[in-house]
Amino acid sequence: MERHRQNQSNTIELLTSQTEPIEHMERHRLNQSSAGDTVTIGPVTTTTHRVSVMLQLPWVVTAQVDVVLVLVSLWSLWSRLSHLNYPGAVVFDEVYYGQFVSLYMKRVFFIDDSGPPLGHMILALGAYLGGFDGNFVWNRIGAEYPSSVSVWSLRLLPALCGALCVPLVYLLTLELKFSHLSALGAALLLLLENSLIVQSRFMLLESVLIFFLLLAFFSYLRFHNSPSSSWSRFSWLLVSGASCSAAVGVKYMGVFSYLLLLGVASLHTWKLIGDRTVNHISVCVQCVCRFVCLLLVPVLLYVFWFYVHLSLLNRSGPHDQQMSSAFQASLQGGLSRITQGQPLEVAYGSQVTLRSSASQPIPCWLHSHKANYPIRYENGRGSSHQQQVTCYPFKDVNNWWVVKDPSRQDLVVGSPPRPVRHGDVIQLVHGMTSRFLNSHDVAAPMSPHAQEVSGYIDFNASMATQNLWRVDISNREAESEVWKTILSEVRLVHVNTSAVLKMSGVSLPDWGFGQLEVVAEKLFKLHGGSLGWTVEEHRYGTSQEQKEREAELHSPTHIDVDRKISFWAKFLELQWKMLTVKQEDSEHKYSSAPLEWITMETNIAYWLHSSTNAQIHLIGNPVSWGVANLSLLAYQLLAAVYVLRRRRGIKDLPESVWDQFVCLGCVCVGGWLVNFVPFLLMEKTLFLYHYLPALCYLYLLCPALLEHTHTNLLSDVTHRRALCVFASTVLLSVFLSYRTFCPLTYGSPELSATQLQGLKWRDTWDILYRRR
Amino acid sequence: MATGECVSQWKQTGDTSTLRNRRTVASSGSVTEDSPRHAAGPSSGSDTHSSNGTSARLSPRGGSGDGAAGRQLLLLLLVGGLSFSTRLYNISEPPHVCWDETHFGKMGSYYINRTFFFDVHPPLGKMLIGLAGYMSGYNGTFPFIKPGDKYEHHNYAGMRAFCAVLGSFLPIFAYLTVLELSQSHTAALITAALLIFDTGSITISQYILLDPILLFFIMAAVLSMVKFNQQRHRPFTASWWLWLVLTGVNLAGALGVKFVGLFVILLVGLNTVSDIWRLLGDLNLSLVNIAKHFLARVFSLILLPLFLYVTIFAIHFVVLNKSGPGDGFFSSAFQSRLIGNNLHNASMPEYLAYGSTITVKNLRIAGGYLHSHWHLYPEGVGAKQQQVTAYLHKDYNNLWLVHRQDHNESQSGTPDLVRHGDIIQLAHKETTRNLHSHLYEAPLTKKHFQVTGYGINATGDTNDLWQVEVCGGRKGDLVKVLRSKVRFRHRATGCVLFSSGKTLPKWGWEQQEVTCSPYLKETPSSQWNIEDHINPKLPNISLSVLKPHFLEILLESHIVMIRGNSGLKPKDNEMTSQPWHWPINYQGLRFSGVNDTEYRVYLLGNPVIWWMNLACLGMYLVMVVVASVALQRGFTLDQRRMDHSHVLKRGGGLLLLGWIIHYAPFFTMGRVLYYHHYFPAMLFSSMLTGVTLDVLLENTDLLLRPPYSHWLKRGGQMLFLFTVLYSFYLFHPLSYGMTGPLAHEPGSAMAGLKWMDSWEF
């Protein structure tokens, strides 16, 4: 803990006897932190030993321990980690994250659109260390964990992160160049915040996010405050970049804080560029270093989280179907078991199943069956009455189609096989019914603006066959690319009308067995959405006769071809899917609007004991919540006054104090803004816990602002004393309200109904009573 | 000599502007013969303020003689002439309704006929269209039913010409704006050429649409703002006031046409804030002076536009005094103003009675009528019973019958009146189902209960019972039609009938959700009034409903508009477009005609111009970064380059800001978006291109030695002009219409020009 020697009081005398370079550094630090005559500091004790490389001197070790910091950290650890096993039941969103932890343990692939994988992986790491085998069904809140599950280890890592936030806030305040007393204040506010405690003590991600955010800012400021001569400070910058990346990796919300940090860093860099005392080369080198540490490394690390994620999850699972065939084939089990050993190149005579690459509403295969379109639909429109062609979301023998050369009659693969290339015209023959895939200028059943697609039956009704389709490989690399199984995404363009085969996503009524409608639509009407079809199952047809072919279609596929999809393709696909998968926009009983968070209108009931009134709620400490809001307001007012007066040439503050004040605003008010404002624009379901990161910044702001007032605004001793008394009163009431809400935070002891009633400080809070 | 001096001055002009009496310097770069920026010479005298650096000093208007002024006038005439001729050419083609003419033409007719309607945009644009139609002899009788309808004898060309004239001012305004910002005729001409020959700008100006009017006001506001900025050294003079007031007037105009006008207000607002910031930093100005400046801006840029905007609405409400298609969107009180509405001088039974047929309207602003229809909630959404919704339009499915709990209404004599605290059933008249609620969660607002229609022909269960509560009433109070605020409290669960205002998905026909809320707080969402009340057994009494105050009408119509705007969700199979499509000209809009026999017009920007704009945007960023870093590192630049970097940073910065403000917000919008929403941003982008290209070509001497660099510059300008003209020649059928085969077929006028698959001509 040699960090804390820079500050005031008599520690300095103790240190002056040190060796030359350290002393030099010392002065530098002192200059930075000499923010006027600050309060005398509390118990910074030092123990002096000493190390020296010079052999003739005695071996001495110098260590300094900030006892306050240690005590606060211990208290914090105790508050977050004690009785972590209780309650031994699934609490609130554990039910959500738990399923992913289980899937990690079983190494089964899944997609979660709520955030990047690092957060889940951290939770899974805890589970792994505790020896969790993934065999627990997270199906409802309140379900008791079996004794085989180590609840403690599941919750350990988030709790640890939550606990470490407190010392981090302490250090961050110091880096903002405020006193130890302010640092202590900030740490205490964070420590005594009930909602943070609740959020840290369960298998949830907010505390992890907050930890990384604070770490990123702390290490960046550490870097910025270090003397520019030392190169070791860039390691701090590296830490900062890495924790930014980790924050983004835990939740997408981290992006905004990352951007804020980049903004601050680029301002500093801009100043550096303007510094004419530094030569060009040095400026260039520094800029490059910053670029690498703050942009390149985070991006690479972010990709790395996905790399780990994808290498961990290598088995197929329930979310397979949302991914492309190529992606699925890279997972063990599932599709790869089926497609293993298929021929790669689609040739004339190939038997294939065609999967729609649109995964909305569900993935499905091109399908036909022995049933015709009804002559008249319900609304009186007529159809061609030919055989239905649909998209069917299950594997079925009717999903098989044979690729036929229009100029030849045979349906077998020649030797050598003649591969189908981009631009070739083919016919598709339905394997079981031998009908040709056909489209014509008849309105489709559910989407009358598009053409109907049918299996052609000749009714002698002056409806000519129009069964030629051009193969258009949309992800081709060369013009004459061969149509490949799984890898190629193909558009089937109807030759007569240049319409494109497409799954419309509408379910057919009863006559179509509720399967999905397939239509052909003119290209210009299509926008967005993917129109491609992928060959999934594939084999070379060998039987010319219909009966033989039917038998062949029923038999499993064979032959061996190896194919791989690169990590980058998988990463991009997964990332894109995660960003575009639409979440069901539903309201939750405990969801709330962002503006309600500021006044804490709502709480969230996390857990209720199955038989007693013991319960856990996400309720913040109302007093500190109010203090936070007040300090935010006060800072803005103060800043407005300062800025206007400075503009008029009246400098109230010395330059160094002004810089400190601005830096405080950038980090704290800026941090609050970037963690709060984006929610106002979001349409997803939001909860009170989304506000917690923003809140932490306000707790950082509050004591620093008090100190600023104390040292710079109040000159009268009585006023100062009054402020001190005021501050300690506030702190005391923060502590008291923390104590009051403790039963709802830790879930014990159980309270009576009247006591619970007494805790309902706001009408809108939802506190549960069990009817006896 | 000038270089060093200017550099030092430059440094100081960054934030303070103490150098009030600086002598102006002639530019020290190589003077080219007919580049007007250098022709000015030392001009504006010692009062030139330094903080705007070059622009005032190098003013082309600054007294450099009649020759320059004459040439400027000539250029302006040239721009104007070309602009008018491209826009007015072929104006009456095609002689049928194109695209959104069906809406805005119709609304123009409404003004002529004075019938009330509802639209999501403020009224100024449609009023002007109506006025133009009226002046040009259109009598408001054409129905404008759907695109493609033939106009025949109706006089529509006047309205089109009016829009086209306003649209023709865009290149002129852009020319003047860029001239003001960059002090370079070349830059201004480049901009004008881009806009004159852009097929998109031509097409959008040629039809009866709000966009040309909106764009006109936006550009006029920007021009006046820029002109006003130029007047900053002569505060409180007549021209200073003129441009300030004009800015305000145009802002009101822009906002009065569409809410997109808010973006330009934001731009002007930011500009004004930075202006005041500059004044605040000028320590020579006393606080009183600053207050004067501040108040002048408050008056001209806030109060005046607000007044004008309100006036527009006042005219709107005065003119439209007859009942029309928009009535149902508004509250009962509002409707009573309209001649022909059944609430106008309404007469109906005064107190709600059993056996009456009623409509029930929600009291939240833009709240709908309680509605039901022959459709069930789909599988998985609560119980599969009949839907109950809130619907904004008047419809026979809004009618409900009031029954007693036990259905024994007296068949003869005067019916009993409903009182506060009575328990009633509400039966839907059309389907005979009862209003019903139960402990299933509502479809969208999950915290509430579902409301359904249940039972048939007066059978039902206890969940059909509702208690009537008059807000602020006591037991036994009667329910006044139209005036009482009523709540319906569900007997069994204790919840109140509630309209959440959320739009149901397609299965609910995009009507609004109705729920039963367990939270008993009194909000307009849970209060209803009885609007129509039909009971032949009761005497009708003339009701003079409280006529609403003008400000109430104003507020209400705004909330209705905003709701309507955010309610515009894309329908199935409708052309939707994403904001990122726009700058790359990914997909246009079909104005008229689909197949090869029809007269087709397709709204699509000239791709060459649009892609050039995009490229210049990137180039601009690079150039600005390079210039800024060079200055920040303290490289000494000569005067000419200082000027250029100043133009880039100030002028270009303003235009870039305009582009961002008019483009970025669309990414966050939930409503349905169309290609033409990009046009305001495209204007800024084109102006930025003018500035960028000009500075780029002026700096060719970084690459080559003088004579060659000059040739390169000239060559570049020629190449630019040729490209723009040739691409216009290629793509002009998009605007002026084409017939014959489609572009992908041989023999078309557009053969080979379908460069992107997504274009549909």
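Q: What makes Glu206(A) and Lys251(A) a salt bridge?
A: In this predicted model, the closest N and O atoms of Glu206(A) and Lys251(A) are 3.2 Å apart. The cut-off for a lysine nitrogen and a glutamate carboxyl oxygen is 4 Å. The value falls within 4 Å, so the pair counts as a salt bridge.

Q: Why is this pair said to tie together parts of chain A?
A: Glu206(A) lies in helix α9 (residues 206-225), whereas Lys251(A) sits in the loop between α10 (233-250) and α11 (254-274) of chain A. These parts are 45 residues apart in sequence, so the salt bridge ties them together.

Q: How many salt bridges are there over all chains, and how many between chain B and chain A?
A: The whole structure has 23 salt bridges over all chains. Between chain B and chain A the count is zero.

Q: What polar contact is there between chain B and chain A?
A: There are 11 residue pairs in polar contact between the two chains, counting pairs with both residues at pLDDT 80 or more.

Q: Which elements of chain B give two or more residues to the side that touches chain A?
A: They are α12 (261-281), α13 (287-319) and α16 (607-632) of chain B. The largest share, five residues, comes from α12(B). By residue class, this side of chain B divides into 12 nonpolar, nine polar and 12 charged residues.

Q: How is the size of an interface often given?
A: It is often given as the accessible area lost when the parts come together. Here chain B and chain A bury about 2,500 Å² between them, with 54% of it on carbon and sulfur atoms. Of the area that chain B buries against chain A, Lys447(B), Gln632(B) and Arg633(B) supply 30%, more than any other three residues. The contact takes 33 residues from chain B and 26 residues from chain A.

Q: What makes Cys364(A) and Cys391(A) a disulfide?
A: Their sulfur atoms are 2.1 Å apart, and the cut-off is 2.5 Å. The distance is within that cut-off, so the pair is a disulfide. The structure holds two disulfides over all chains.

Q: Why is the disulfide of Cys364(A) and Cys391(A) called right-handed?
A: The torsion about its S-S bond is about 95°, so the disulfide is right-handed.

Q: What makes the cysteine pair a link between distant parts of the chain?
A: Cys364(A) is in the loop between β3 (350-356) and β4 (365-372) of chain A, and Cys391(A) is in strand β5 (residues 387-392). The two cysteines are 27 residues apart.

Definitions and conventions
Residues numbered from 1 in each chain as written. Chains lettered and ligands numbered in written order. Predicted model: local features only at pLDDT ≥ 70, side-chain atom pairs only at ≥ 80, totals over all residues. Heavy atoms only, no water. Contact = heavy atoms within 4.5 Å. Buried area = accessible area lost by both parts, 1.4 Å probe. Salt bridge = Lys/Arg side-chain N within 4 Å of Asp/Glu carboxyl O. Polar contact = N/O pair within 3.5 Å; in protein donor to acceptor, adjacent residues only side chain to side chain. Helix = DSSP H or I, 4+ residues; strand = E, 2+ residues; numbered from the N terminus. Nonpolar A, V, L, I, M, F, W, Y, C, P; charged D, E, K, R; others polar.
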